[in-house]
Amino acid sequence: MSIIVGENTKLAVSGLTGREGSFHGLRNKAYGTDLVAGVTPGKGGQDVEGTPVFDTIKEAVTEAGANTSMIFVPARFAAAAIDEAIESGVETVIAITEGIPVLDMLKTYWKAQEAGVRLIGPNCPGVLSPGKANVGIIPAQFFDPGPIGVVSKSGTLTYQIGNELKQAGTGNSSIVGIGGDPIVGSDFIDILKLYEADPETELIVMVGEIGGDAEERAAEFIAAEVSKPVVAYIAGFTAPPGKQMGHAGAIISGSSGTAQAKKDALEAKGVRVGESPTETAAIAAEMLRSL
Amino acid sequence: MDLLEYQGKQLFAKHGIPVPSGEVADTVEEAVAAAERIGYPCAIKAQVLIGGRGKAGGIKIAKDVEEARAHADAILGMDIVGPHGEGPFRVDQVWIEGGSDIAEEYYASIILDRGEKKLLAMVSAKGGMDIEAVAAEDPDALVKRHVDPTQAFDAAAARSIAADAGLAEDALDEAAEALVRLEEVAREEDATLIEVNPLIVTAGRDVVALDSKVTIDGNALFRHQDLAEVADTVDDPHEQMAKEKGLTYVKLDGNVGILANGAGLCMSTLDVVAQAGGAPANFLDAGGGSKAEAIVNALEVITSDEKVDAILFNIFGGITRCDEIAKGIITASEQTQLQVPLVVRLDGTNSEEGRAILREANLPNMHEESTMLDAARKVVELAGSGS
């Protein structure tokens, strides 16, 4: 098994006719993901290298059997595209787009909750289940199938850690980028729940960063609900307060949201926190050997 | 993006929240002229993006023209350090407003609660002081209530929060009205934080926002033309230069210049450099593309900071190919006539090819390392302790 995406994923890509959307959508297809449809309003009836394009996500569901939607739509139209996906009947929506206004996401988050649709992102690299399916922009060559589930707010930092895990001779059940925005569809806790229930996942690596309190909440959840070992890494110890560090959500507000507070919260609940990406991967590999 | 006090108050006024009228001034002469028009007593307030201005001497009351001149002279140009060590922030502008006859000082805010995914309304009868301290000492004094995302935030809901916070009975309706309008500011202006401290009741029993702290979502500026113009001004000249070049850059205090691709990897690179005993000079995320032009721009911004003694490029190629990055580095180091040592770590897609290209170019002053930790140690060694 794996989580969120896998052999049963039937993918519809909103924005498949655009430059980024076609590049990544076709890469996902080349990896083995079952790409069943593209969606671009006004371009229904066309195709992108053999993949049919529909005007609406609803048509991609009824005509092509899509169950997963990936959003590659420019920021100012992306929330509306996610809303459309939520109402279309797909089970999962993965939003890659960066720069969506956060109050739009606030409304969209609750729509997804109400509809019971799993939303990943926005501002995320997507989800990869090595050997099965890749939905998003994660470069799959750095990840082999294996027993470690990864959940992360960051893209390249995750590739760095994944590559070190691969070099250590291990691999991943899934890699989930939850995104670096202040409001994301799924938090660490949502993904930890899935890994806890996934029989293929034996250990979880969680990659956090400054801003918000998702890591602190995850620490509480791990102590109460997660039986599998968790190794964490937190980025941003040197970040000054009040400055946005690249990601919209990566900001220390007053005295809250610091890397140290997150590390302390996790360690207080018995979660080991690596000092660097390299050490984090080494701890994970070592813990896996002793399981 | 944070607004200055007066910019926040202009936003409040636009939405019908009572604020004292006033004028902004850049010079002592302008400030004195404004004070003369407004009359005495008047408040002269430093306009900087940080709390704790009063304690730092950035807010003064003037009783006459001599005091107005003396206070404006003292405040303009002063440096203010925030309560958590932020800054220092140089005062370039003051806001002059009529003195208020304060009977009560309350606190009101609307913030985005990231964890709960709702707007959170907070009210306290203990305004005019550090609200974090109030909440720590007397948690019951700060009433917090989430705004139901599926329902309108109406006067009845706002009034119940104000009543629970123990606001004066005869001020409840007006305070509730102000709170409803603050929530409207959040939704309509894309504000993720609005804080009014103090929200006062005057001797005449009017409710007035005497201060403002407003953060606007930078991702929503495309639909707020007026606020987008405010956002175009950045205090730090290096950050301004980066902004013009479309780079995500944050100036720090050290002497090790840093470029990485991806926000998370970049933050991690700063941390690893600090662990190796170095002091990062900046955060700079080159982004996903990282073509030659972006690298030239990045090097120009990093080296515009004269404190930089050595530079680290930490690249993990995903979609980005390291051979393209290597070519970009060669072009950039030639175009910018780089004077300080550069440590490059290339990993990921086509990293072997990228490293070969760099070795072949044999640039003076360039050092290649294969791991992030080795690269951090090397750049710290080359940068020295700074001078």
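In this predicted model, 60% of the 291 residues of chain A count as buried. The secondary structure of chain A comprises 9 helices and 14 strands. Its radius of gyration is 18 Å, close to the 19 Å given by the globule rule for 291 residues, so chain A is as compact as a globular protein of that length. Taken along the principal axes, the C-alpha atoms of chain A fill a box of roughly 55 × 40 × 30 Å. Sequence-distant pairs feature strongly in the contact map: among contacts in chain A with a separation of 6 or more, 72% are between residues 24 or more positions apart.

A convenient place to start is the N-terminal part of chain A. Strand β1 (residues 10–14) of chain A pairs with β2(A) in the parallel sense, over 5 bridges. Between these two strands the chain passes through helix α1 (residues 19–31) of chain A, and the resulting β-α-β crossover is right-handed. Within this pairing, A:A12 has A:A37 of β2(A) as its bridge partner. Strand β2 (residues 34–39) of chain A has 5 of its 6 residues buried, so the strand is largely enclosed by the rest of the structure. β2(A) is also joined by 2 bridges to strand β4 (residues 51–54) of chain A, and these strands run parallel. Here A:G38 stands opposite A:V53 in β4(A).

Further along chain A, an open sheet of 7 strands follows the order β9-β8-β11-β10-β12-β13-β14, with mixed pairing. The edges are taken by β9 (133–136) and β14 (272–274) of chain A; each has a single partner strand, so one side of each is left without a neighbour in the sheet. On average, neighbouring strands of this sheet are turned by 20° against each other, direction ignored. Inside the sheet order, strand β10 (residues 145–152) of chain A runs parallel to strand β12 (residues 203–209) of chain A, and 5 bridges join them. One of the facing pairs sets A:V151 opposite A:M206 in β12(A).

The packing can be followed across both chains. The largest nonpolar core has 219 residues, and those with the most contacts inside it are A:I71, A:V93, B:V94, B:L179, B:I258 and B:L284. Helix α6 (residues 172–189) of chain B gives the most to this core, with 8 residues. Leaving aside residues up to four places away in sequence, the residues touched by A:I71 include A:S14, A:A78, A:I82, A:V93 and A:I96.

At the interface, 50 residues of chain A are in contact with 43 residues of chain B. On the chain A side, α3 (75–88), α4 (102–115), α5 (156–167), α7 (214–225) and α9 (277–289) each supply at least two residues. The largest share of that side, 6 residues, comes from α4(A).

Chain B also holds some backbone features worth a look. Most residues other than glycine have a negative phi, and most peptide bonds are trans. A cis peptide bond joins B:Y40 and B:P41, with omega about -5°, and B:P41 lies in the loop between α2 (28–38) and β3 (42–46) of chain B. The bond from B:N197 to B:P198 is likewise cis, with omega near 10°; B:P198 belongs to strand β11 (residues 191–202) of chain B. B:K117, which is not a glycine, has a positive phi of about 60° and sits in the loop between β8 (102–113) and β9 (118–124) of chain B. This residue, B:K117, is partly exposed, with 19 other C-beta atoms within 10 Å. For B:R205, phi is positive, near 65°, and the residue is found in the loop between β11 and β12 (207–209) of chain B. B:R205 is exposed, with 12 other C-beta atoms within 10 Å.

How values were computed
Residues are numbered from 1 along each chain as its sequence is written. Chains are lettered from A and ligands numbered from 1 in the order in which they are written. This is a predicted model: local features need pLDDT of at least 70, side-chain atom pairs count only at pLDDT 80 or more; totals for chains, interfaces and linings use all residues. A residue is buried if 20 or more other C-beta atoms lie within 10 Å of its own, exposed if 12 or fewer, and partly exposed in between; C-beta atoms are placed from the backbone. Helices (H or I, at least four residues) and strands (E, at least two) are DSSP runs, numbered from the N terminus. Two strands pair if DSSP finds at least two bridges between them. A crossover is right-handed if, with the strands pointing away from the viewer, the path from the first strand over the helix to the second runs clockwise. A nonpolar core is a set of buried Ala, Val, Leu, Ile, Met, Phe, Trp, Tyr and Cys residues joined through C-beta atoms within 7 Å. Two residues are in contact if their C-beta atoms, placed from the backbone, lie within 7 Å. The radius of gyration is taken over C-alpha atoms; the globule rule is 2.2 Å times the number of residues to the power 0.38. Axes are lines fitted to C-alpha atoms, for helices over the stretch in contact, and angles run from 0 to 180 degrees between N-to-C directions.
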